[in-house]
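Reader: I would like to go through this model and ask how each label was reached. Please set the values against the definitions.

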Amino acid sequence: MSPALLNGEAATNGHHVNGPAINGLKKSSVDGFGTRAIHVGSDANEETGAVIPAISLSTTYKQNGVGNHKGFEYSRSGNPNRNALEATLASLESGGAYALAFASGSATTATVLQSLGPDAHIVSVNDVYGGTFRYMSRVAKENQGLDTTFVDLENADDETILASFRPNTKLVWIESPTNPTLRLIDIPRIASLARSAPSSPLVLVDNTFLSPFYSSPLLQGADIVMHSLTKYINGALRRCNGRADPPRAPHRAPRAAALPAERDRRSTKCI
Ligand SMILES: Cc1ncc(COP(=O)(O)O)c(C=O)c1O
């Protein structure tokens with residue numbers, strides 16, 4: 001599927017539409033994946049005309065009064081370059097409105113799973129990336145009592161998948177294609193099964209191996225998309241970042257509302 005085709009659902013009169021603004025930055029209404037990759041999040045500097053955003057090295061920003069500032073107060077909670085990256089990523093992920101950047105893909109995984117709170121249950125594809133598997137089955141299990149049921153989401157029948165859901169199932173974790181065996185998961189099918197479960201768990205897709213150029217999980221029913229930015233989306237292994245696109249639908253937002261606060265606590269500047 002080409003990105004143009006995927007963008008069809010989010011397009012009006014040939015213009016890509018992701019919402020009025022992305023992460024507080026003015027959204028460009030330009031067509032095309034390549035154009036968005038270059039322009040969204042990096043408007044020319046109004047003062048100097050520079051077309052590449054200046055690197056903001058300040059850790060702290062001037063306030064004219066308590067809480068009276070220009071959108072930035074402390075670089076951990078907000079930084080112009082991180083905002084720009086988040087705006088670019090949100091515009092590339094068709095169907096997405098927001099993106100959050102983290103220090104690595106694994107920091108993203110940790111934050112999403114921590115946001116589920118204590119003693120939650122999740123269902124995960126059984127061939128998930130090794131680091132994610134270890135975080136779920138060892139770190140999160142020990143630290144927050146997370147219980148994970150690993151299911152062959154590629155081959156299992158509907159009854160088997162439905163039987164894996166519990167009253168406290170808060171998340172379904174899909175990775176497609178999986179790393180390293182490249183198994184493909186039918187995202188709309190799993191999302192629809194999750195919707196029918198009593199706890200209506202959120203559906204997350206780790207889209208690292210396809211990138212938003214080839215796959216748009218949010219248009220296929222997912223609530224959250226994550227990427228390890230060291231991989232395909234970045235030309236492979238040139239930069240260590242992670243990102244998550246949290247849910248947009250208001251009725252699914254409460255659980256995800258914890259995400260920015262969690263990010264504040266745990267991640268560092270990520271550009
Ligand atoms: C599919 C997938 N998800 C997540 C990660 C973790 O990302 P990071 O290495 O940026 O922590 C990786 C890393 O290899 C991966 O391949």
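**Labels and their cut-offs**

Author: Of the 15 residues around the ligand, the nearest are Ser104, Gly105, Ser106, Thr208 and Ser228. This is a predicted model, in which local features need pLDDT of at least 70, side-chain atom pairs count only at pLDDT 80 or more, and totals for chains, interfaces and linings use all residues. Residues are numbered from 1 along each chain as its sequence is written.

Reader: What makes a residue count as being around the ligand?

Author: Its C-beta atom, placed from the backbone, has to lie within 6 Å of the molecule. Helices α4 (105–114) and α5 (130–144) each supply at least two residues of this shell. Helices (H or I, at least four residues) and strands (E, at least two) are DSSP runs, numbered from the N terminus. The protein has ten helices and eleven strands.

Reader: How do the residues of the shell divide into nonpolar, polar and charged?

Author: Three are nonpolar, ten polar and two charged. Nonpolar here stands for Ala, Val, Leu, Ile, Met, Phe, Trp, Tyr, Cys and Pro, charged for Asp, Glu, Lys and Arg, and polar for the others, Gly among them.

Reader: Why is α4 called mostly covered?

Author: A residue is buried if 20 or more other C-beta atoms lie within 10 Å of its own, exposed if 12 or fewer, and partly exposed in between, with C-beta atoms placed from the backbone. Nine of the ten residues of α4 are buried, among them Gly105, Ala107, Val112 and Leu113. Over the protein, 41% of the 271 residues are buried.

Reader: Why is Ser200 called partly exposed?

Author: Ser200 has 14 C-beta neighbours inside 10 Å, so it falls in the partly exposed class. Ser200 sits in the loop between α7 and β9 (202–206) and has a positive phi of about 45 degrees, although it is not a glycine.

Reader: And what makes Ser211 partly exposed?

Author: Its count is 18 other C-beta atoms within 10 Å, so Ser211 is partly exposed. Ser211 belongs to helix α8 (residues 211–214); its phi is also positive, about 70 degrees, and it is not a glycine.

Reader: Which peptide bonds are cis, and where is Pro177?

Author: One cis bond joins Ser176 and Pro177, with omega about -5 degrees. Pro177 is in the loop between β8 (169–175) and α7 (187–196). Another joins Asn179 and Pro180, with omega about 10 degrees, and Pro180 is in the loop between β8 and α7.

Reader: How do you know that the largest nonpolar core lies between the domains?

Author: Such a core is a set of buried Ala, Val, Leu, Ile, Met, Phe, Trp, Tyr and Cys residues joined through C-beta atoms within 7 Å. The largest has 48 residues, and Val172, Ile174, Val203 and Leu204 have the most contacts inside it. Helix α3 (residues 80–92) gives the largest share, six residues. Domain 1 (3–92) and domain 2 (100–266) both contribute to this core, so it lies between them. The domain bounds come from an automatic or database domain assignment.

Reader: What does Val172 contact beyond its neighbours within four places in sequence?

Author: Val172 is in contact with Ile122, Val123, Ile190, Ala194, Pro201 and Val203. Two residues are in contact if their C-beta atoms, placed from the backbone, lie within 7 Å.

Reader: Where does pLDDT stay under 50?

Author: pLDDT is the predictor's confidence in each residue, from 0 to 100. The protein averages 82, and 76% of the residues score at least 70. Residues 1–30 are below 50, with 62 contacts beyond near neighbours in sequence. Residues 253–271 also stay under 50, with 40 contacts beyond four places in sequence.
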